[in-house]
Protein chains: 4
Amino acid sequence: MQVALNLFAKQGYTNSSIAQIAKEAKISKGLIYNYFESKDALIKEILIGGFDQFVVFFEHNKDGVFGNDEFDYFVKETFTLMKKNEDFWRIYLSLAFQPNIIKLIEKELMEALMPILSILDNYYAERKHPSPQVKTRLFLAVLDGVGLHYLSDPDNFPLDEVVKMVVKIFKE
Amino acid sequence: MQVALNLFAKQGYTNSSIAQIAKEAKISKGLIYNYFESKDALIKEILIGGFDQFVVFFEHNKDGVFGNDEFDYFVKETFTLMKKNEDFWRIYLSLAFQPNIIKLIEKELMEALMPILSILDNYYAERKHPSPQVKTRLFLAVLDGVGLHYLSDPDNFPLDEVVKMVVKIFKE
Amino acid sequence: MQVALNLFAKQGYTNSSIAQIAKEAKISKGLIYNYFESKDALIKEILIGGFDQFVVFFEHNKDGVFGNDEFDYFVKETFTLMKKNEDFWRIYLSLAFQPNIIKLIEKELMEALMPILSILDNYYAERKHPSPQVKTRLFLAVLDGVGLHYLSDPDNFPLDEVVKMVVKIFKE
Amino acid sequence: MQVALNLFAKQGYTNSSIAQIAKEAKISKGLIYNYFESKDALIKEILIGGFDQFVVFFEHNKDGVFGNDEFDYFVKETFTLMKKNEDFWRIYLSLAFQPNIIKLIEKELMEALMPILSILDNYYAERKHPSPQVKTRLFLAVLDGVGLHYLSDPDNFPLDEVVKMVVKIFKE
DNA sequence: AATGAATGAGGTTTCATTCAT
DNA sequence: TATGAATGAAACCTCATTCAT
């Protein structure tokens, strides 16, 4: 899975063959099929595994208060996680428009996203924002946008400063 | 090209075959190769064509003033164009992490992006923003992020309201 | 035809496409088919044209005497002609084992070869050679062998000296 | 490989398709690519294998004496081997003018040829031949020429008698 | 747990040839 | 005389997948 993650991130899912994965992992093609039913099942496990890391972190905060400090922490932690799992995020974003793959993880994706969505809605509602749901949508879009630009060009994108600016702008 | 644009947007570049394009366009596979040297050359022309539309619109404003009104107009026009060319943008975003394809259009992409970048840098600098370049970077990421979310789910994403909010937040 | 001759010699018959010939000749593919029924018809005309040059030279000597001086002249002229028409000979030798092509020119080839064969048979018979027909066969093989080696590596093969040696050895 | 050898000899390399080879060998096209990276790699292995047979025979005699008897034996063995491997030699001669293929085996060809060349040079030098290197070149050309004519028409070419004549003429 | 031989469908590309103009 | 749009068959090659061992 580690090798597959790497290859998928570097070359894209469709462009990476089972043969190549087996070769780089120094195992046989057949062995892969002992553990994964298909190539799709492989990417599915990779993606779900990636989301889990994210979800786990969030469940930490599930029933507690989500105030200014938590907002702060949330944004920063998001990008810390992204930096730690660059490959996963690259894959995820590159598959955003591949309906056949997205369908595979739709359920898990929703389950991961919904709580975040409602927590943020609440957050902005509590702060009397005129249209909290729109702001939440924009905010999530911003996170992906920043991720997209960072992952496209990690060496030049000023991630830390941008993140600080995001916090400042969207905290309230 | 129209058929290809459609298919690439719907299924992704790698998942769409020349055979399928030919079939939908009701021509022979061979004919495609009379006009495009390869599948890569085809996507290249599609991408460059798409950027051109964007660039043309921008050159309009090249040497003139870029003030508050123009900023307004720029954001709105960006998403008007995106709505008109949804397929193109879907392709573009889905290829953001396919280095072999990006390389094909690197030059054109840079040529399209650089002037926008410097105009925005100036814009924020004139308004005494403490770090105009970081803000420009964030702003461009936001545009892509909003685009990504809109294109992922055009029916539910509240594009117009989000755009208004973007203008309000990033105008200054 | 000139362009085709060149390409066939350089890349081989099967490896050279009508499209490429047309391109190098700066005409359209269609035009080629106005003058030649097929690719096979094209190579056929090229080959026959090449043999004709050879035959013409031989008819010169047809009914006359073929003595020591003529033998001398024959060998030298053979290689002079080969040097002048390197491309043609390269094609001819490269097709020696392509039965489908050889069949196209079998008749012409025989017509060109038979008189030479009988003249040489006579030549050796007159000189009381024990097995003139075997010697003729060997001699013709030698001519082709020398041609093969020369055309394979024109810059390093010492053609002139080899030819002199051939004359000395096979004159009698 | 056996099937490929056969087809290449009968129809030429370019005219024989992987599909046809697979069909005659009663295996799938794909399987061929499990063992050979490409069609070129296939012909390369075939050619190298063919030369090896020749080289092996020669290494036998490498450091020993190469006198009149060995010369005799060499010529006769050459054509014995050729008769046993007609297909290989047909392929080899038919590719003599296909530069892209020759390049694949250039190294191996040189390694096979060089020792023969120097042994023959020595042979003629020891016999005080005025220009031993030219004679060697001619002699090798003769071998190929005889092979060419024999393989072009095995049923009618008087190989044994021609070989005897070659030995007699070139022994000294 | 692990291999690698084997396949069949389908991918991109090439190409001789036709034909309306 | 000349073009170039168009085709269909076939070329080389890739790949997910299966299966006997």
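Which backbone atom of C:Ile18 or other part of that residue faces a phosphate oxygen of DNA strand E, and at what distance? Select C:Ile18 and DNA strand E together: a polar backbone atom of C:Ile18 is 2.6 Å from a phosphate oxygen of the strand. Keep in mind throughout that this is a predicted model.

**Stop 1: one chain by itself**

Hide everything but chain A. Chain A has 9 helices and 0 strands, so colouring by secondary structure should be read with the DSSP rule for helices and strands in mind. Followed from the N terminus, the elements run α-α-α-α-α-α-α-α-α. Along the principal axes, the C-alpha atoms of chain A fill a box of roughly 60 × 35 × 25 Å.

**Stop 2: DNA strand E**Bring back all chains and select the residues around DNA strand E. There are 29 of them, and the closest are B:Ile18, B:Tyr33, C:Ile18, C:Lys39 and D:Tyr35. By class, the residues of this surface divide into 10 nonpolar, 13 polar and 6 charged.

Now look at the strand's side of the contact. Of the atoms of DNA strand E within 4 Å of the protein, 66% belong to sugar or phosphate, and the rest belong to bases.

Next, select A:Ser28 and D:Ser28. A polar backbone atom of A:Ser28 is 3.1 Å from a phosphate oxygen of DNA strand E. For D:Ser28, a backbone N or O atom lies 3.0 Å from a phosphate oxygen of DNA strand E. Then colour helix H3 (29–35) in chains A, B, C and D: these four helices are the elements that give two or more residues to the surface near DNA strand E.

**Stop 3: DNA strand F**

Move the selection to DNA strand F. Which residues come nearest to this strand? Of the 28 residues around DNA strand F, they are A:Ile18, A:Tyr33, B:Tyr35, D:Tyr33 and D:Lys39. Sugar and phosphate account for 68% of the atoms of DNA strand F that come within 4 Å of the protein. The residues of the surface near DNA strand F divide into 10 nonpolar, 12 polar and 6 charged.

Three side chains are worth showing as sticks here.

- B:Tyr35: a polar side-chain atom lies 2.6 Å from a sugar or linking oxygen of DNA strand F.
- C:Asn34: an N or O atom in the side chain is 2.9 Å from a base nitrogen of DNA strand F.
- D:Lys39: an N or O atom in the side chain is 2.7 Å from a phosphate oxygen of DNA strand F.

Leave H3 coloured in chains A, B, C and D, as each of these helices supplies at least two residues of the surface near DNA strand F.

**Stop 4: where chain C meets chain D**

Hide the DNA and show chains C and D. Here 39 residues of chain C are in contact with 39 residues of chain D. The area buried between the two chains is about 3,200 Å², of which carbon and sulfur atoms give 72%. Select C:Phe97, C:Arg137 and C:Met165: they supply 23% of the area that chain C buries against chain D, more than any other three residues.

How many salt bridges and how many residue pairs in polar contact cross this interface? The rule finds 0 salt bridges between chain C and chain D. It finds 2 residue pairs in polar contact, both at pLDDT 80 or more.

Now colour chain C by helix. Helix H1 (2–11), helix H6 (86–94), helix H7 (99–126), helix H8 (132–152) and helix H9 (159–170) each supply at least two residues of the side of chain C that touches chain D. H8(C) gives the most to that side, with 14 residues. The residues of the side of chain C that touches chain D divide into 19 nonpolar, 13 polar and 7 charged.

**Stop 5: the axis between chain C and chain D**

Keep chains C and D on screen and superpose chain C on chain D. A rotation of 180° with 0.1 Å of shift along its axis does this, with an RMSD of 0.1 Å. To find the axis, select C:Gly145: its C-alpha is the one nearest the axis in chain C, 1.8 Å from it. The same surface serves both copies, as 100% of the contact residues of chain C recur in chain D.

**Stop 6: chain A and chain B**

Switch the display to chains A and B. Chain B can be laid on chain A by a turn of 180° and a shift of 0.1 Å along the axis, with an RMSD of 0.1 Å. That is the relation of a two-fold axis. Select B:Gly145 to end the tour: in chain B, its C-alpha is the one nearest the axis, 1.8 Å from it. The same surface serves both copies in this pair, with 100% of the contact residues of chain B recurring in chain A.

Note on methods: Residues numbered from 1 in each chain as written. Chains lettered and ligands numbered in written order. Predicted model: local features only at pLDDT ≥ 70, side-chain atom pairs only at ≥ 80, totals over all residues. Heavy atoms only, no water. Least-squares fit on C-alpha atoms with pLDDT ≥ 70 in both. Contact = heavy atoms within 4.5 Å. Buried area = accessible area lost by both parts, 1.4 Å probe. Salt bridge = Lys/Arg side-chain N within 4 Å of Asp/Glu carboxyl O. Polar contact = N/O pair within 3.5 Å; in protein donor to acceptor, adjacent residues only side chain to side chain. Nonpolar A, V, L, I, M, F, W, Y, C, P; charged D, E, K, R; others polar. Near = heavy atom within 4 Å.
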